[in-house]
Amino acid sequence: MSHIDQHESAVRSYSRGFPTMFRTARGAWLTDVHGRAYLDFFAGAGALNYGHNHPELKQPLLDYIAGDNITHGLDMATEARDRFIGAFHDILLAPRGLDYKLLFPGPTGTNAVEAALKLARKVTGRRTVVSFTNGFHGMTLGALSVTGNAFKRAGAGVALHDTVFMPFDGALGPDTDTLDVFENALTNPASGLDHPAAVIVEAVQGEGGINAASPEWLTRLSQLCQTHGIKLIWDDIQAGCGRTGTFFSFDGLDVEPDFVCLSKSLSGYGLPLSIVLVAPECDAFAPGEHNGTFRGNNHAFVTATAALETFWRDDAFAADVRDKAAHLAQRLSDIAAKVPGLRPGLRGRGLMQGVALAGEGTAEAVAAAAFERGLIMETSGAHDEVAKFLPPLTLTRGELDRGLDVFEAALLAVAREKDLAAKDAA
Ligand SMILES: Cc1ncc(COP(=O)(O)O)c(C=O)c1O
């Protein structure tokens with residue numbers, strides 16, 4: 001029995017789902033203490049878009065540490081911070097004609113969401129925030145109040161208030177534009193909806209079931225926010241940093257978020273780093289009004305700058321992600337056709353895709369069977385009913401196919417166990 005099993009809190013989860021002791025990792029591969037290699041289709045829940053220990057990111061970090069450069073500096077000016085802000089502006093914002101200020105909250109995604117919620121309420125002087133069914137935004141109280149999952153919400157132990165949930169795109173079936181419900185609530189003075197300060201949305205709901213909103217829905221949402229003077233908070237914590245095939249999940253859409261939350265793969269190396277991009281007219285915190293000790297992870301600045309310079313100076317990397325995403329979608333559709341009994345439903349965008357599987361516990365059984373065969377993958381959705389594919393964006397086509405072969409074998413094995421029609425090609 002490990003110290004982890006003996007002494008770590010019962011709340012631990014991934015060490016239960018992936019029951020081995022990991023030692024090293026490189027690219028799309030993890031290796032455990034027994035020397036067994038696992039292909040990683042989970043990528044740190046989206047924190048490792050460039051894979052594990054990418055050499056182009058590791059070397060600048062090693063040089064930086066060896067040179068005794070600043071590690072911790074609150075939000076003091078450091079060279080590493082300055083370079084990161086410069087690279088972010090020059091490589092991402094300026095070419096898109098975006099004019100955001102960079103606000104550094106604490107190091108995690110939920111810290112970014114808290115800062116955006118506070119600021120939206122401050123600049124509007126209003127309290128209500130609208131979120132969407134199946135949305136996931138983090139575990140601290142503010143972020144939890146805009147998270148839909150009942151199990152997670154119950155953990156708060158206090159009232160989660162000043163939030164209202166509207167149906168996400170597709171939540172009421174394919175024939176209903178759910179924004180009609182929201183628009184009606186906004187325009188009907190007897191709807192009971194107080195004029196919201198903000199709307200918070202994920203373009204692709206990661207934890208909520210890999211539900212991708214359509215471009216039309218997202219555009220209409222942005223227009224509704226503008227028409228009614230509501231701030232739009234775009235939570236790109238999981239769907240951003242290239243995951244959907246462009247750096248921001250809103251690239252190419254006619255939308256104008258007032259706040260954009262980024263975290264997870266922002267540092268590129270799995271180091272904690274978050275930012276909120278803030279429209280200049282919303283940049284209303286007084287100096288120090290929102291602070292935190294860890295708002296300047298200089299090691300993360302170094303790897304984040306290297307990631308921007310390595311992958312985002314042109315469209316080549318993103319184009320390769322889109323190619324692999326198309327291949328993933330095609331193969332998932334072929335695999336799904338082999339298990340009609342599980343009524344597989346495909347969803348997602350870019351290298352953020354999922355397969356919903358009928359039957360309680362099916363997706364979890366498939367993830368467990370995949371792990372036994374050397375593939376790490378997670379489930380998602382309100383009932384954990386979706387097998388989720390979130391591989392490093394840097395994986396090779398061969399690695400993608402290899403992982404999908406394992407998924408297919410695991411899926412067919414579970415379908416056979418459940419005695420459901422599995423058209424096994426073999
Ligand atoms: C969309 C989204 N927002 C916020 C968060 C919270 O980020 P963190 O776990 O770093 O607090 C997550 C985490 O999965 C997320 O997927």
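Trainee: In which helix of this predicted model does Ala-43 lie?

Mentor: Ala-43 belongs to helix H3, which covers residues 43-46.

Trainee: Why is Ala-43 called buried?

Mentor: The relative accessibility of Ala-43 is 0%, and since buried means under 20% relative accessible area, Ala-43 therefore counts as buried.

Trainee: What is notable about phi of Ala-43?

Mentor: Phi of Ala-43 is near 50 degrees, which is a positive value in a residue other than glycine.

Trainee: Where does Asn-134 lie, and why is Asn-134 called partly exposed?

Mentor: Asn-134 sits in the loop that runs between strand S5 (129-132) and helix H7 (141-145), where its phi is positive at about 70 degrees although it is not a glycine. Its relative accessible area is 29%, and because partly exposed is what falls between the limits of 20% and 50%, Asn-134 is described as partly exposed.

Trainee: What makes strands S14 and S17 a pair?

Mentor: Strand S14 (residues 352-356) and strand S17 (residues 386-389) are joined over four bridges in the antiparallel sense, and because at least two bridges are required, they pair. Within this pairing, Gly-354 stands opposite Lys-388 in S17.

Trainee: Why do S13 and S16 stand at the edges of their sheet?

Mentor: The open sheet has four strands in the order S13-S14-S17-S16, with antiparallel pairing. Strand S13 (345-349) and strand S16 (378-380) each have a single partner strand, so one side of each is left without a neighbour in the sheet. Neighbouring strands of this sheet are, on average and with direction ignored, turned by 30 degrees against each other.

Methods:
Residues are numbered from 1 along each chain as its sequence is written. This is a predicted model: local features need pLDDT of at least 70, side-chain atom pairs count only at pLDDT 80 or more; totals for chains, interfaces and linings use all residues. Side-chain values use heavy atoms; hydrogens and water are left out. Helices (H or I, at least four residues) and strands (E, at least two) are DSSP runs, numbered from the N terminus. Axes are lines fitted to C-alpha atoms, for helices over the stretch in contact, and angles run from 0 to 180 degrees between N-to-C directions. Buried means under 20% relative accessible area, exposed over 50%, partly exposed in between (1.4 Å probe, protein chains only).
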